[in-house]
Every structure is written in C-alpha cells, then in structure tokens.
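Subject: Handover of a model, with notes

Dear colleague,

I am passing the structure below on to you, together with an account of what was found in it. Please read the notes alongside the coordinates, and tell me where you would like to go further.

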Amino acid sequence: MSEAVRSLLQRWGASFRKGTDFDSWGQLVEAIDEYQILARHLQKEAQSQHNNSEFTEDQKKTIAKIATCLELRSAALQSTQSQEEFKLEDLKKLEPILKNILTYNKEFPFDVQPVPLRKILAPGEEENLEFEEDDEEGGAGAGSPDSFPARVPGTLLPRLPSEPGMTLLTIKIEKIGLKDAGQCIDPYITVSVKDVNGIDLTPVQDTPVASRKEDTYVHFNVDIEIQKHVEKLTKGAAIFFEFKHYKPKKRFTSTKCFAFMEMDEIKPGTIVIELYRKPTDFKRKKLQLLTRKPLYLHLHQTLHKE
C-alpha cells in the first residue's frame, strides 16, 4: 500500500467515525454534513477515470456502494418517514470494509447500487460555473444527447392517506418562464420542503423531464403531492423548486435557478413565484433574482381536507 493510499484511507476512516459519532450523539445536522462530504469524496474516487488509480474496478464499486449507504443514512436522518430507513447500526458495519478496502473480497452486506456515473461538484463549484452559462447559449443543443449518461427519472410519490381534520397539499407545476427555455436539455424540477435551517421535512421528489418547451416556457403539467400534512409543517418552513438541466459539454446536470413558496402562500388556486439565482439558498438569507424580466414559476395549488 502506498503512503498516499494509506493517508487517504485514514482520512476516510476518520471522517466516517466523526459522522457516526455525531449520529450517535444526536447531533444530526453535523452528522448529515459529515456523511454528505464523505460520500462526495468516495463518489469522486469511485468515478475517477485516470489509469494510475490504485483501486481496482471492483474496489471502486464497493467504495461507490459505501457512498450510497452514506447518502441513505443522511436521507434517513432528514426524513419524517419511519419505514425502511437505513439505520446507524447498519452503517457502522461498513467501517471495517472501508478500512480494509484493498483486501475486502466478500459480498457487500447491503443490496444497494452505486449512484450513476456523473460529475460530482464540490461545494461552491457549481455556482462558479454560472459565469460560463452564456457561453453555452446558442450551442447547447448541439451534438447527440443520446451519447451521454442517462439522466434522472421522475421520483414522484403518491398522496398520503387522509386524516380527519388534516389538510394535504397538491401542487401542479404548470410551467416555468426562462429566456433560453428552448435550449434546456432534459429539464426537470426537484421539489423539497425545508425548515428554517434548510433541513428536509419530507422526502425530496424529482419531476419527470418536462413535457414540452415553447417560446420562453418549459411546460411540466405535473402534480406534486407534498408528503406531510400542512398542519404538521413547522413554522418558517418553505417549499423549494430547483430547476435543473443537463449540460452536454460538461456532462453533468446543473441547477439553473430556484424558487420557493412560504407557508402563508399555501392557498387554493393559481400562484406565480419569482425565480432566484443559484446556488439554492435553503435558509433564504442571500436571495438574488434571476432576471428583471417578468419570468416566473407557474403553480396551481389544491388543498384536500377530510
């Protein structure tokens, strides 16, 4: 084992233990941050294409599966759903595998798959790419998109069971206005419900790819079932909509802009909300409008109450 690999494994191990310690102490925000940072590093190594990597392809697959488990545990800590969560004791079983990755040759203990090959962006990297956005305009549709990795499918969830006296919310995403709408490749919207600290209150959902593009609009016409009764949403919560599209020149999916809806805006009927520049600010502290043009996210809300 080279000194570089030894040092790398030590850093991974220390980060893994730090995350599980935070987790066991109930410091969930810190645990989630540590898990997500380590997962990103593991994914980056698993997806590296350089020939001088000291990890075999099988070892990279195992590293990628560990990254997936870290993401699953992170999601479980943020989820309000109790079933089928990835538990801390499950995650701890992976520490010796990560520590002995060069000699591990058994079957992976959990039935998970590595995340699809994609570019992993470090914090802050994606927003720096915003300055390159205009360079792609006019040429974004060139080439053959079929030659690139498959993009995200829809991950919409069904409506929750009704409860007496409780209200469920369905949001129809009708369309979004963008000056370069026709140039967006495989656009979709990620919907999440966050508390004031930016922590997920419900599972995150992705729409299917947009149904059509027309002039300055990308049309979706898809219903999102919010996975929590309105009365159970915490004070200061907000529903976020992140518009994402595929960049063939760079071979990754990027967030182009985002919008959000606060609790006092939940009411039946049509609503249009403003678009903001990335990076997505889940804490709503430093908001900057995407454009001065009258371009918005168009939604329609339906409330269901027993």
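A disulfide is counted here when two cysteine sulfur atoms lie within 2.5 Å of each other, and by this rule the count comes to zero disulfides. Please keep in mind throughout that this is a predicted model. C257 is in no disulfide, since the nearest cysteine sulfur, that of C184, lies 8.3 Å away, and C257 is buried with a relative accessible area of 0%. C69 is likewise buried, with a relative accessible area of 0%.

As to the overall make-up, the protein chain has seven helices and 10 strands, and 45% of its 306 residues count as buried. Of the contacts between residues at least 6 apart in sequence, 72% join residues at least 24 apart.

Among the helices, α2 covers residues 28-46, which makes 19 residues, and it reaches 26 Å from its first C-alpha to its last, close to the 27 Å expected at 1.5 Å a residue. The buried residues of α2 are A31, I32, E34, Y35, L38, A39, L42, Q43, E45 and A46. Seen down the axis of α2, these buried residues fall within an arc of 165°, and therefore they line one face of the helix. What they pack against is a set of helices, namely α1 (3-25), α3 (57-78), α4 (88-92) and α5 (95-99).

Helix α3 also holds T62, which is buried with a relative accessible area of 14%. Once its neighbours within four places in sequence are left aside, T62 is in contact with I97, I101, Y104 and F108.

Turning to the strands, one open sheet is formed by five of them in the order β4-β5-β1-β10-β8, with antiparallel pairing. Its edges are β4 (212-214) and β8 (269-274), each of which has a single partner strand, so that one side of each is left without a neighbour in the sheet. From one strand to the next, the twist averages 25°. Within this sheet, β1 (residues 167-177) and β10 (residues 296-305) pair in the antiparallel sense over nine bridges, and L169 stands opposite L303 in β10.

Another open sheet, also of five strands with antiparallel pairing, runs in the order β3-β2-β6-β7-β9. Here β3 (205-206) and β9 (276-277) stand at the edges with a single partner strand each, so one side of each has no neighbour in the sheet. Strand β7 (residues 252-262) pairs with β9 in the antiparallel sense over two bridges, and the C257 discussed above stands opposite R277 in β9.

In the same sheet order one finds β2, and this strand (residues 185-194) contains V191, a buried residue with a relative accessible area of 3%. Not counting residues up to four places away in sequence, V191 touches I173, P203, V204, Q205, I224, I239, F240 and F241. The C-alpha atoms of V191 and A259 are separated by 9.8 Å, although the two residues are 68 apart along the chain.

With best wishes

Terms used: Residues are numbered from 1 along each chain as its sequence is written. This is a predicted model: local features need pLDDT of at least 70, side-chain atom pairs count only at pLDDT 80 or more; totals for chains, interfaces and linings use all residues. Side-chain values use heavy atoms; hydrogens and water are left out. Helices (H or I, at least four residues) and strands (E, at least two) are DSSP runs, numbered from the N terminus. The expected span of a helix is 1.5 Å times one less than its number of residues. Buried means under 20% relative accessible area, exposed over 50%, partly exposed in between (1.4 Å probe, protein chains only). The arc is that of the directions from the helix axis to the C-beta atoms. Contact means heavy atoms within 4.5 Å. Two strands pair if DSSP finds at least two bridges between them. Axes are lines fitted to C-alpha atoms, for helices over the stretch in contact, and angles run from 0 to 180 degrees between N-to-C directions.
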